[in-house]
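Thanks, everyone. I'll put the structure up now and walk through it.

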Amino acid sequence: MIGASAGLGLAAPALAQNRPPAQPQRQQPARPAGPPSSPAQSPIGPVDTIARSVLLVDFETGATLLNKQADERMPPASMSKLMTMYAVFDQVKSGRLRMDQSLTVSEAAWRMGGSKMFLERGSTATVEELSRGVIIQSGNDACVVFAEHISGSERAFAEMITTMGRQIGLTSSTFRNATGWPDPEHRMTARDLATLARRIIVDHPEFYRFYSERSFRWNNITQENRNPLLGRVAGADGLKTGHTEEAGYGLTASVRRGERRLILVVGGLPTMRARGEEAERLMEWGFREFDNVVLFRAADTIEEVPVHLGERRTVPLIGGREVVATVPRGWRDSLQARIRFEAPVPAPVVKGQELGRLEISGRGVPPMALPLYAGADVERLGLLARIPAVIGRMMGGGT
């Protein structure tokens with residue numbers, strides 16, 4: 001037996017909580033000047049963008065709002081420093097590094113080109129100072145100091161973070177250095193960068209504040225955070241830019257407004273100005289065109305599932321947490337939900353046991369599939385009580 005329901009009114013406790021009012025019309029704002037644009041795909045239709053690759057996702061629901069070559073491997077440039085810092089903060093949390101620990105600057109680190117923190121050869125800096133040097137100043141020299149201290153060499157560090165990346169869900173990323181320095185085998189995807197941004201926010205929240213700092217001064221040189229959304233877009237709170245000649249200008253960014261957070265990855269933009277303007281335009285589009293609605297509370301009974309040979313005839317099917325869906329503003333009536341479960345469920349049933357799935361779709365609605373769980377324990381009937389139940393089932397009735 002498969003259960004199925006459609007529409008927001010599929011179950012009594014279904015909610016459509018009031019959030020900010022729907023926008024009467026959706027529109028595409030003026031695009032910044034640049035090379036010819038091509039469309040990114042969205043649940044409500046194509047959106048033109050001059051970015052070579054784009055991924056815009058809702059942090060809470062994981063819904064994809066924009067996708068343009070999100071799974072194409074590309075040179076991430078300094079955006080790959082996000083992985084270097086993920087590994088550094090992992091070392092701190094495991095006790096292998098301390099934020100006040102001083103690390104020595106090698107000649108190799110001092111000689112690094114590109115963006116720098118301007119560390120002096122043979123000097124020392126604390127892990128916290130080096131972290132700001134990487135995140136705010138995009139210091140290649142600071143990255144090499146970390147790599148040499150943690151793994152002995154930058155090459156060994158790159159192999160280590162490639163393995164670590166696989167473990168946290170970066171399925172298409174290969175690192176050949178700690179900085180994002182051009183290398184034909186140093187590649188990530190927009191999807192992996194979005195995944196990494198999420199892991200940084202979830203796994204290392206105590207260090208996430210560094211990503212929103214506007215400037216950092218070291219060696220009497222003050223450098224501004226290159227993230228163009230900080231101070232320009234309401235709610236922008238981090239992460240990292242990147243640029244090389246091959247990669248163009250890229251950005252992995254987070255914006256949080258109230259209970260919503262969007263993660264945006266853009267790559268291949270032609271200029272620094274285009275990076276800021278296009279990232280702002282797409283981020284504002286995501287907040288303006290989509291909203292999150294709560295469909296069910298954690299303990300709401302979504303369906304009653306028949307139980308075979310149980311001390312009760314049915315068991316409630318619940319989400320176990322708030323079921324939230326990302327939908328186009330004003331299009332909530334088009335939301336469809338389908339509940340899938342096998343029935344009857346054989347007793348015993350354990351509370352929290354996964355029994356089915358809730359599938360959400362509809363016109364303009366990013367598809368979602370969520371597990372559903374038993375909301376109560378159901379013990380198996382005793383031997384004498386099972387006999388009539390079995391006979392009844394053999395005769396074509398009962399559960």
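I'll cover a sheet, a helix, some rings, the backbone oddities and two single residues.

One caution before we start: this is a predicted model.

Let's begin with the sheet. Five strands make it up, so look for the order 4-3-11-10-9, where 5 strands form an open sheet with antiparallel pairing. Strand 4, residues 64–68, stands at one of the edges, and strand 9, residues 236–244, stands at an edge too. Each of these two has a single partner strand, so one side of each has no neighbour in the sheet. From one strand to the next, the twist averages 5 degrees. As general background, strands in a sheet pair through backbone hydrogen bonds, either parallel or antiparallel.

Now zoom in on one pairing. Strand 10 covers residues 248–257 and strand 11 covers residues 260–269; they pair in the antiparallel sense over 8 bridges. If you want a register mark, take Ser254, which stands opposite Ile263 in strand 11.

What packs on this sheet? Helix 7, residues 272–289, does. Helix 7 touches strand 3 (53–58), strand 4, strand 9, strand 10 and strand 11. Its direction makes about 145 degrees with that of strand 11.

Stay with strand 9 for a moment, because I want to show you one residue there: Leu239 lies in strand 9. Buried or exposed, at 1% relative accessibility? Leu239 counts as buried, because the cut-off is under 20%. Leaving out residues up to four places away in sequence, Leu239 touches Leu82, Ala197, Tyr208, Tyr211, Asn227, Thr252, Ala253 and Ser254. One of those contacts, Ser254, is our register mark opposite Ile263. Along the chain, Leu239 and Asn225 are 14 residues apart; their C-alpha atoms are separated by 9.9 Å.

Next, helix 1. Helix 1 runs over residues 81–93, which is 13 residues. From first C-alpha to last it reaches 18 Å, close to the 18 Å expected at 1.5 Å a residue. How many of its 13 residues are buried? The count is 11, so helix 1 is largely enclosed by the rest of the structure. Among the buried residues are Leu82, Met83, Tyr86 and Phe89. What do the buried residues pack against? They meet helix 3 (127–135), helix 4 (140–151), helix 5 (154–167) and helix 6 (190–203), and also strand 9 and strand 10. After helix 1 comes Gly95, with a positive phi near 85 degrees.

On to the rings. There are 4 aromatic pairs. One is Trp285 with Phe290, edge-to-face, at 5.6 Å centre to centre with 70 degrees between the planes. Trp285 and Phe290 are both buried. Phe89, which we just met as a buried residue of helix 1, joins Phe207 and Phe210 in one aromatic cluster.

Two arginines sit over rings. The charged end of Arg209 is over the ring of Phe210, 4.5 Å from its centre. Arg121 lies over the face of Trp110, at 4.2 Å from the ring centre.

Now the backbone oddities. In general, most residues other than glycine have a negative phi, and most peptide bonds are trans. Which peptide bonds here are cis? Ala343 to Pro344 is cis, with omega about 0 degrees. Pro344 lies in the loop between strand 16 (335–341) and strand 17 (345–346). Ala347 to Pro348 is cis as well, with omega near 5 degrees. Pro348 is in the loop between strand 17 and strand 18 (354–362).

Then the positive phi values. Phe118 is not a glycine, but its phi is positive, about 65 degrees. Look for Phe118 in the loop between helix 2 (107–110) and strand 6 (124–126). Phe118 is partly exposed, with a relative accessible area of 35%. Asn220, also not a glycine, has a positive phi of about 65 degrees. Asn220 is in the loop between strand 7 (215–218) and strand 8 (221–224). At 65% relative accessibility, Asn220 counts as exposed.

Last stop: Tyr373, in strand 19, residues 368–374. Tyr373 is partly exposed, at 25% relative accessible area. Beyond residues up to four places away, its contacts include Pro316, Leu317, Ile318, Gly352 and Leu355. Tyr373 and Thr301 are 72 residues apart in sequence, yet 10.0 Å apart in space, C-alpha to C-alpha.

How values were computed: Residues are numbered from 1 along each chain as its sequence is written. This is a predicted model: local features need pLDDT of at least 70, side-chain atom pairs count only at pLDDT 80 or more; totals for chains, interfaces and linings use all residues. Side-chain values use heavy atoms; hydrogens and water are left out. Rings of Phe, Tyr and Trp (its six-membered ring) pair if their centres lie within 6.5 Å; planes under 30 degrees apart count as stacked, over 60 as edge-to-face and the rest as tilted. Buried means under 20% relative accessible area, exposed over 50%, partly exposed in between (1.4 Å probe, protein chains only). A charge sits over a ring if NZ of Lys or CZ of Arg is within 6 Å of the ring centre and within 35 degrees of the ring normal. Two strands pair if DSSP finds at least two bridges between them. Helices (H or I, at least four residues) and strands (E, at least two) are DSSP runs, numbered from the N terminus. Axes are lines fitted to C-alpha atoms, for helices over the stretch in contact, and angles run from 0 to 180 degrees between N-to-C directions. Contact means heavy atoms within 4.5 Å. The expected span of a helix is 1.5 Å times one less than its number of residues.
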